[in-house]
Amino acid sequence: MFDVSPLWVSLRASLLATAIEFVAGLLCAHKAMGLTGKRAWLLDTILTLPMVLPPTVTGFFLLVLFGRNGPIGKLTGTTVIFSWQATVLSATVVAFPLMYRAAKGAMKQVDPDHIWAARTLGFSERRILWKILVPEAWPGIAAGAALAFARSLGEFGATMMVAGNIPGRTQTIPMAIYFSTVGGDMRTAWIWVGVITLVSAASLALMSRLSKGDA
Amino acid sequence: MNDLEVRFAETVGTFHLDVSFHVGEGEVLGLLGRSGNGKSLTLRTIAGIITPEEGSIRIGEHVLFDSQAGVNLPVRERNVGLLFQSYALFPAMTVLENVMCGIKDRDKHARKQQAVDKLSLMGIDAYRGRLPRELSGGQQQRVALARMLASQPDLLMLDEPFSALDHESKQEIDQHLNGLLRHFTGPVLFVSHDPEEVRRYCTRTLSIVEGRVHQENSER
């Protein structure tokens, strides 16, 4: 009997990760827009780092932070390492920069006079984000979300470090591909390669369709 | 009394702006000058978009900026209406939503009623369901005026309101603008490079040359 659980583990991880990245990416991009000089550079560097670091390094940092003896593990008295939540955590952190950078780039294109006009009309900064920036930068933001989803779905290195390969719990599609290939089960590997290629291509098609809106 | 008292100095790049003037309640003061002389900069400074190095800006008892007292209200607390040269309508909102969004009333029904009133005043109520990009320049201008009025500002500032309009649209705006200026009871600042426009709409005129204000002998 063919085990389809990697599909559900992967979808759960990447959908939840995309939802978290979406909100956090917008808030961080908005925050970054208001900063200048060294602070802007520092925030930008920290938030983009997971995009350029090897995923195993990102995974290593997550292990150190969230492990039972890490600062967050000690604080909460529990650990998410090797649980299904760890698949969400690694996918979120690795794909976050894609959402953040796309959102920031798109929001910077919004006419500054629209933002100033909103302020003269009494808008708070939070209201400017949701009522002016997000709708006007929507094509770029949506494209960023699609890209982040595809990246979350393909996440392997950091997930391997913090979630492991527990069938039915933390075994995602990329994990299933790796271990069936190593184990010589090429049929299973082929099936998952096909599935992930299809879903990733569909996300990219969705992305290019959404980006057309700003032409 | 809701008069406007402005006195400030600032340097933007190599340009130095040093202005001082007073606008009485119900007075329409024209600021006349060629582009690059500091007219728009003056309006943006009063609105709070640019912070001057020193000086003070107040409307009636309401101090917007005072370098000595360390007061510098954020833009959203200044309650000034600024008509941008580009109108700055929000493209993702309908005409009605654009006008409603600046009204502070908590009741949605009341907000809608006030917005419709202002759109009617500008003769553009029939377009309330449209998006800004579906309107002509003159129509967009009228929506921007309605939006500014609906937010009930203490001060109106018009930045070259005719600069982007063709002849026909100018005539279309003319009657509405005249009515608006007559109805508004607070001070009004009208910025233009065209002496003809300034004479037509303003009760008094100052000219700005290279960042400094000069009196004009065109009191009416």
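Which residues of strand β7 (residues 80-83) of chain B are buried on one side, and which on the other? V80(B) and L82(B) are buried on one side, G81(B) and L83(B) on the other, so that both faces of the strand are covered. The notes below start from the model as a whole and return to this strand.

1. **Status and overall form of chain A.** This is a predicted model. Chain A has eleven helices and zero strands. Its pattern along the sequence is therefore helix after helix, α-α-α-α-α-α-α-α-α-α-α. The C-alpha atoms of chain A fill a box of roughly 65 × 45 × 25 Å along the principal axes. Chain A has 215 residues, and 41% of them count as buried. Take the contacts in chain A with a separation of 6 or more: 77% of these join residues 24 or more positions apart.

2. **The contact between the chains.** Chain A puts 14 residues into the contact, and chain B puts 17 residues into it. On the side of chain A that touches chain B, the elements giving two or more residues are α6 (112-120) and α7 (125-136) of chain A. α6(A) gives the most, with six residues. By type, this side of chain A divides into six nonpolar, four polar and four charged residues.

3. **Helix α7 of chain A: length.** How far apart are the end C-alpha atoms of α7(A)? They are 15 Å apart. The twelve residues should span 16 Å at 1.5 Å a residue, which agrees.

4. **Helix α7 of chain A: faces.** The buried residues of α7(A) are I128(A), I132(A), L133(A) and E136(A). Seen down the helix axis, they fall within an arc of 85°, so they line one face of α7(A). An α-helix has 3.6 residues a turn, so residues three or four places apart point the same way. The cover over the buried residues of α7(A) includes α1 (5-33), α5 and α6 of chain A. On the other side of α7(A), R126(A) and W130(A) are exposed.

5. **A103 of chain A.** Is A103(A) buried or exposed? A103(A) has 31 C-beta neighbours inside 10 Å, so it counts as buried. A103(A) sits in helix α5 of chain A. Beyond its neighbours within four places in sequence, A103(A) is in contact with G25(A), L26(A), A29(A), I141(A) and G144(A). R169(A) is another matter: A103(A) and R169(A) are 66 residues apart in sequence and 32 Å apart in space, C-alpha to C-alpha.

6. **The largest nonpolar core.** This core has 119 residues. Which of them touch the most other members? They are M157(B) and F190(B). The largest share of the core, 15 residues, comes from helix α5 (residues 84-108) of chain A. Not counting residues up to four places away in sequence, F190(B) touches V28(B), L29(B), G30(B), L31(B), L158(B), V198(B), Y201(B) and C202(B).

7. **Strands β7 and β8 of chain B.** Back to the opening strand. β7(B) pairs with strand β8 (residues 155-159) of chain B in the parallel sense, over four bridges. One bridge puts L83(B) opposite its partner L158(B) in β8(B). L83(B) is among the buried residues of β7(B). L158(B) is also one of the residues that F190(B) touches.

8. **The hairpin of chain B.** Strand β1 (residues 4-12) and strand β2 (residues 15-23) of chain B run antiparallel, joined by nine bridges. Among the bridge partners are A9(B) and, in β2(B), D18(B). The two strands form a hairpin with two residues between them. G13(B), in the turn, has a positive phi of about 65°.

9. **Positive phi outside glycine: Y87.** Y87(B) is not a glycine, yet its phi is positive, about 70°. Y87(B) lies in the loop between β7 and α2 (95-100) of chain B. Y87(B) is buried, with 22 other C-beta atoms within 10 Å.

10. **Positive phi outside glycine: E160.** E160(B) is a residue other than glycine with a positive phi, near 45°. E160(B) is placed in the loop between β8 and α5 (167-183) of chain B. Is E160(B) buried or exposed? E160(B) is buried, because 20 other C-beta atoms lie within 10 Å, and the cut-off for buried is 20 or more.

How values were computed:
Residues are numbered from 1 along each chain as its sequence is written. Chains are lettered from A and ligands numbered from 1 in the order in which they are written. This is a predicted model: local features need pLDDT of at least 70, side-chain atom pairs count only at pLDDT 80 or more; totals for chains, interfaces and linings use all residues. Two residues are in contact if their C-beta atoms, placed from the backbone, lie within 7 Å. Ala, Val, Leu, Ile, Met, Phe, Trp, Tyr, Cys and Pro count as nonpolar, Asp, Glu, Lys and Arg as charged, and the others, Gly among them, as polar. A residue is buried if 20 or more other C-beta atoms lie within 10 Å of its own, exposed if 12 or fewer, and partly exposed in between; C-beta atoms are placed from the backbone. A nonpolar core is a set of buried Ala, Val, Leu, Ile, Met, Phe, Trp, Tyr and Cys residues joined through C-beta atoms within 7 Å. The expected span of a helix is 1.5 Å times one less than its number of residues. The arc is that of the directions from the helix axis to the C-beta atoms. Two strands pair if DSSP finds at least two bridges between them.
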